Amino acid sequence: AAKKILRGQEPDLVVSVHPMCQHVPLSARTWLEKVLKRPVKFATVVTDLGSAHPMWFDKRVDACFVPTQRLAKNARYYGVSNV
């Protein structure tokens, strides 16, 4: 379903705002880039304020937006460099 939605929209950027749903669109993005023959950026917007589940932080994202320095530190700990 994710592939069909992404293919129909041909996005330049995919934004995730839910940690449990990151792996599906990230995997679909890889497929979509091959189909479109161009890069598709992926950004995560962490909506948790104090602490965040590790699933928020995936090394494959192009950008990760966090609300606090504490969560920026967590993101780097999990290998996300574009915080």
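**Group meeting: a three-stranded parallel sheet and its surroundings**

F65 is partly exposed, with a relative accessible area of 49%; on the scale used here, buried means under 20%, exposed over 50%, and partly exposed in between, with a 1.4 Å probe and protein chains only. I begin with this residue, and shall return to it.

First, the basis of what I present. This is a predicted model, in which local features need pLDDT of at least 70 and side-chain atom pairs count only at pLDDT 80 or more, while totals for chains, interfaces and linings use all residues. Residues are numbered from 1 along each chain as its sequence is written, and side-chain values use heavy atoms, with hydrogens and water left out.

The confidence measure is pLDDT, given by the predictor for each residue from 0 to 100. Its mean over the chain is 89, and 99% of the residues reach 70 or more. Among the elements of the chain, β3 has the highest mean, 96, and α1 the lowest, 77. Where pLDDT is low, the predicted coordinates should not be read in detail.

Now to the sheet. Helices (H or I, at least four residues) and strands (E, at least two) are DSSP runs, numbered from the N terminus; two strands count as paired if DSSP finds at least two bridges between them. Three strands form an open sheet in the order β1-β2-β3, with parallel pairing. Because β1 (13-16) and β3 (63-65) stand at the edges with a single partner strand each, one side of each is left without a neighbour in the sheet. On average, neighbouring strands of this sheet are turned by 20° against each other, direction ignored; the axes are lines fitted to C-alpha atoms, and angles run from 0 to 180 degrees between N-to-C directions.

How many bridges join β1 to β2? There are four, and the two strands run parallel. Within this pair, L13 stands opposite K41 in β2. The chain crosses from β1 through α2 to β2, and this β-α-β crossover is right-handed: with the strands pointing away from the viewer, the path from the first strand over the helix to the second runs clockwise. Strand β1 also has two faces, a covered one with V14 and S16 and an uncovered one with L13 and V15. In a regular strand the side chains alternate between the two faces of the sheet.

On the other side of the pairing, β2 (residues 41-45) and β3 are joined in the parallel sense over three bridges, and T44 has C64 in β3 as its bridge partner. Here we meet F65 again, which lies in strand β3. Leaving out residues up to four places away in sequence, F65 touches A43, T44, V45 and V46, where contact means heavy atoms within 4.5 Å. The C-alpha atoms of F65 and V83 are separated by 6.0 Å, although the two residues are 18 apart along the chain.

Let us turn to the crossover helix. Helix α2 (residues 23-36) has 14 residues and reaches 20 Å from its first C-alpha to its last, close to the 20 Å expected, the expected span being 1.5 Å times one less than the number of residues. Which residues of α2 are buried? They are P25, L26, A28, R29, L32 and L36. Their cover includes α1 (2-9), β1 and β2.

Two backbone angles deserve mention. Most residues other than glycine have a negative phi. K37, just after α2, has a positive phi of about 60°; K37 lies in the loop between α2 and β2 and counts as exposed at 75% relative accessibility. E10, also not a glycine, has a positive phi of about 45°. This residue, E10, is found in the loop between α1 and β1 and is partly exposed, with a relative accessible area of 41%.

Finally, helix α3 (residues 69-77) contains R70, which is exposed with a relative accessible area of 53%. R70 and P39 are 31 residues apart in sequence and 30 Å apart in space, C-alpha to C-alpha.
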